[in-house]
Amino acid sequence: MKAYERLIAYTAFPTASDETKETCPSTPAQLVFADALVKEMKALGIADATRNGLGFVYGTLEATAPYRETLAFLAHMDVVDTVPYENIRTALIENYDGGEVLLADGTSRLSPADFPFLAGYKGETLLVTDGTTLLGADDKAGVAEIMTMAETLLAHPEIPHGKIRICFTPDEEIGSGILHIDVKELAADAAYTVDGGAFGEVDYETFNASSAHVAFRGKSIHPGSAKDRMINAARVAMEFDSMIPEAQRPEHTEGRDGFYHLIGMEGEIENAALDYILRDHDLGILKSREETLSRITDFLNAKYGEGAVTLTVKESYRNMSEKILPAFYLVERAYDAIREAGGEPSSPPVRGGTDGSRLSFMGVPCPNLGTGSHNHHGKLEFAVVEEMDKCVAQLIGIARRFVER
Ligand SMILES: [Zn+2]
């Protein structure tokens, strides 16, 4: 079975995660999909395939050659719930002509004017939606490719590889699933998440991330007699935000430029609150952003009285390059496997985090690989059949490089 055929089959599972739920997995649909994957793994011959109580699916490909390290491949089962994700109707655009594609809803257009990288897939086969839902290639393309790799390796025991652990995870899109992973259960020395965009991408540099909650306490006085006495918490909050450098907002940054991002606000006279996320690839610069918020807090407390503003900063995740650079052979093996599969490796800095960044800090260094799909989290999401095949070849190529020489 080809990887894209699996992806099409998996789109039938509406596995959106839900950040308002405290359980793991956050939605029962993920368990249904997890159980279907276990069944499929067992049918392929992965005897120990299992799903634990938190929804994590595990299975082992036994080694066919001497090896030193156990390697794991991970992909996540959930999709975002911010775009319609049910009743996904896919279509294959064969021998793509490099031009605009009108999707089946009659209005949505996949155009090289909006997405210049489309031109690179001329002559290949695009797997698209009807324009009304996401595709869910993020990350069911990754699940499909790992499963297809397993099928290939099991059918060809002459291909040398070490012990391989397969792990399908819940709740990546809401950031909480990977926090529940038991690294002892994963039982791997090194890993790759298969959860990126274009084939050829090997991500090992993510943002450093913090969140900041700023609480404002005001003083309500009848507005008729408020002169020199009222402190309007909502207005102090606006003053706080106005002191953050305007150019360092996500809507004005790209590449390696980090940002302050206001993600929530509420306020009236007595109380107000602002929520920010802070991001930067450079930890020092991230810390200086935290410092800037702290100085603004001090300034406003001096102006309005101690306790008017309270800042709480929390660490979210750290740039995984700190953990990957000492294990750079993981990136080099991926690069070699990509070239062998006919691709050109690249490592753009990720403007976000990955499950692998968290796993890397749990002691299992874990770069992220492309899946041959694009426009994630949107109705114009698509995968490229031939690129997905190359991603499977890449996984097999990596597996072959984890044997003793
Ligand atoms: Zn993903």
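The buried residues of helix H5 pack against S11, S12, S13, H6 and S14, where contact requires C-beta atoms, placed from the backbone, to lie within 7 Å. They are Ala233, Val236, Ala237 and Phe240, a residue being called buried if 20 or more other C-beta atoms lie within 10 Å of its own, exposed if 12 or fewer, and partly exposed in between. Viewed down the axis of H5, these buried residues fall within an arc of 105°, so they line one face of the helix; the arc is that of the directions from the helix axis to the C-beta atoms. As helpful background, an α-helix has 3.6 residues a turn, so residues three or four places apart point the same way.

The model is predicted: local features need pLDDT of at least 70, side-chain atom pairs count only at pLDDT 80 or more, and totals for chains, interfaces and linings use all residues. Numbering starts from 1 along each chain as its sequence is written. Helices (H or I, at least four residues) and strands (E, at least two) are DSSP runs, numbered from the N terminus.

The sheet beneath this packing is open and has four strands in the order S12-S13-S11-S14, with antiparallel pairing; two strands pair if DSSP finds at least two bridges between them. Strand S12 (259-267) and strand S14 (309-317) stand at the edges with a single partner strand each, so one side of each is left without a neighbour in the sheet. From one strand to the next, the twist averages 15°. S12 and strand S13 (residues 271-280) run antiparallel and are joined by eight bridges, with tyrosine 260 standing opposite leucine 278 in S13.

Two helices lie across these strands. Helix H5 (residues 233-242) lies across strand S11 (208-217), S12, S13 and S14, at about 20° to S13. Helix H6 (residues 283-304) also lies across S11, S12, S13 and S14, running at about 165° to S14. Axes are lines fitted to C-alpha atoms, for helices over the stretch in contact, and angles run from 0 to 180 degrees between N-to-C directions.

Turning to the whole chain, an automatic or database assignment divides the protein into domain 1 (3-205 + 320-400) and domain 2 (212-317). Their C-alpha centres lie 38 Å apart. The protein chain has ten helices and 17 strands, and 46% of its 405 residues count as buried. Among contacts between residues at least 6 apart in sequence, 78% join residues at least 24 apart.
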